[in-house]
Amino acid sequence: MNQLTLVLPFALPTAELAADLLKVLQAPALAALLSRTSTCNLEIFDNTNRLLPHEAWLAHALTLSPAPNGEAAQAAFAAQAMRGYGLVPEPGARYFLLHPAHLAIARSHISLEDLRQLKLSEADGRALFDIAAPYFDEIGQPLAYGDAGTWFMRADAWSDLQCATPDAATTQDLSVWMPEGEHARAARRLQNEVQMLWHEHPVNAAREERGLKAINSFWIWGGSLATAQAGRCAASLHTQGAPGWLAALAEPAQRDASPNSVLASTQDAIIVLGGLTEAAQAQEWGIWLQQLQALEANWFAPLLAALKDGRLGQLRLVLSHRDAWLDCTTSKNAQRKFWRAITLNKLKAS
């Protein structure tokens, strides 16, 4: 394999916690990959565009956005994700991702529960979809079902709607993360109608009996115009621990990636490892450390070995948090730079 790009959302610790976390992290392979590099740059990210750095980077890499940063950064994933579920978007139509969600009401603000924590079963997701779908049909914005937590809405007229990605909005005060634009009021009205449809629904009553959060709203984002053919990316996408919409961007056989499966391919590859996100969003840093330690054994050490023995030509690491990403490239020759001390200090630069 010539080049592999490893995308690690929330692998960068926040600046105030980095020193303490890295004191206990034992990751010599990751340290070698970050210390002995050909290039390494920290990119500060402006998330006023309502998405996270890794989402902007990925949208650009998959040719779904014209730029990975700045005003042009977009999260136009919906139409491409539809194809991954076997759905056929109509060329020229505009689609949005729509997720059943839980909005938590606090004394001073409303927040979006991390969608990963909802544990929505297929049976419950389908039941909620079935009661909502006729209303969407009635207003001329039909729904399509991807999986329990991933639906799609067609809304051709809503080209102006500016939406935040769910991971960008999670843990935030939603007063500044709700949809904006000419059709924002229509989106809120639609949200209110669905909230009433689902209020006291048997699915929610049963969920609450099991100690789960009620599905009391939905989150809309990812608007994109469907084209006749799917976009083409020079590298193949692989995922592990990714949410449904993101896994759907990869071929079915590439949605549970491993170093062996990726290295066996002759095509350049992008691998998104999403397992750190939930712990970081919840600020469960002990769990975050455990998961990063697992990545050291399962990914960083095998890929470092592949670099050194020539099975992998070049490795690019894209590590991020909410406000920046670290972009480093290493190779067999770079790993020979013995004069560079092997440390995790680059993770503190964010």
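## Cysteines and the disulfide

In this predicted model, C163 is a buried residue, with a relative accessible area of 15%, a value that falls under the 20% limit for burial. A search of the whole structure finds one disulfide, and the pair that forms it is C40 and C328, with a distance of 2.0 Å from S to S. This bond ties together distant parts of the chain, since C40 belongs to strand β2 (residues 39–44) and C328 to strand β12 (residues 324–331), with the two positions 288 residues apart.

The two ends of the disulfide can also be described by their accessibility. C40 is partly exposed, its relative accessible area being 26%, whereas C328 counts as buried, at 1% relative accessibility.

## Strand β12 and the loop before it

T329 is another residue of strand β12, and with a relative accessible area of 10% it is buried. When residues up to four places away in sequence are not counted, T329 touches T37, S38 and T39, and it also touches Q314, L315 and R316.

The loop between β11 (314–320) and β12 contains H321, which is buried as well, with a relative accessible area of 9%. From H321 to T277 the C-alpha to C-alpha distance is 9.1 Å, while the two residues are 44 residues apart in sequence.

## Helix α2

Helix α2 (residues 28–35) has eight residues, of which seven are buried, so the helix is largely enclosed by the rest of the structure. The buried residues of α2 are A29, L30, A31, A32, L33, L34 and S35. As for what surrounds them, these buried residues pack against helix α12 and against strands β11 and β12; β12 is also the strand that holds C328 of the disulfide and the buried T329.

## The crossing of α5 and α7

Helix α5 (residues 122–138) and helix α7 (residues 184–198) have axes that come within 10 Å of each other and cross at roughly 140 degrees. Angles over 145 degrees would count as roughly antiparallel, and α5 and α7 are therefore oblique to each other. The crossing of these two helices is right-handed.

On the α5 side, the contact involves L128, I131, A132, Y135 and F136, and these meet L190, E193, V194, L197 and W198 of α7. Sorted by type, the residues of this contact comprise nine nonpolar and one charged, with no polar residue among them.

## Positive phi angles outside glycine

R50, although it is not a glycine, has a positive phi of about 75 degrees. Its place is in the loop between β2 and α3 (53–61), where R50 is buried, with a relative accessible area of 7%. The strand on one side of that loop, β2, is the one that contains C40.

Q283 is likewise a residue other than glycine with a positive phi, in this case near 60 degrees. The loop that holds Q283 lies between α11 (277–281) and α12 (285–308), and at 58% relative accessibility Q283 counts as exposed. R50 and Q283 can thus be set side by side: the former is buried, whereas the latter is exposed.

Conventions:
Residues are numbered from 1 along each chain as its sequence is written. This is a predicted model: local features need pLDDT of at least 70, side-chain atom pairs count only at pLDDT 80 or more; totals for chains, interfaces and linings use all residues. Side-chain values use heavy atoms; hydrogens and water are left out. A disulfide is a pair of cysteine sulfur atoms within 2.5 Å. Helices (H or I, at least four residues) and strands (E, at least two) are DSSP runs, numbered from the N terminus. Buried means under 20% relative accessible area, exposed over 50%, partly exposed in between (1.4 Å probe, protein chains only). Axes are lines fitted to C-alpha atoms, for helices over the stretch in contact, and angles run from 0 to 180 degrees between N-to-C directions. Angles under 35 degrees count as roughly parallel, over 145 as roughly antiparallel, 65 to 115 as roughly perpendicular and the rest as oblique. A crossing is left-handed if the near helix is turned anticlockwise from the far one by less than a right angle, and right-handed if clockwise. Contact means heavy atoms within 4.5 Å. Ala, Val, Leu, Ile, Met, Phe, Trp, Tyr, Cys and Pro count as nonpolar, Asp, Glu, Lys and Arg as charged, and the others, Gly among them, as polar.
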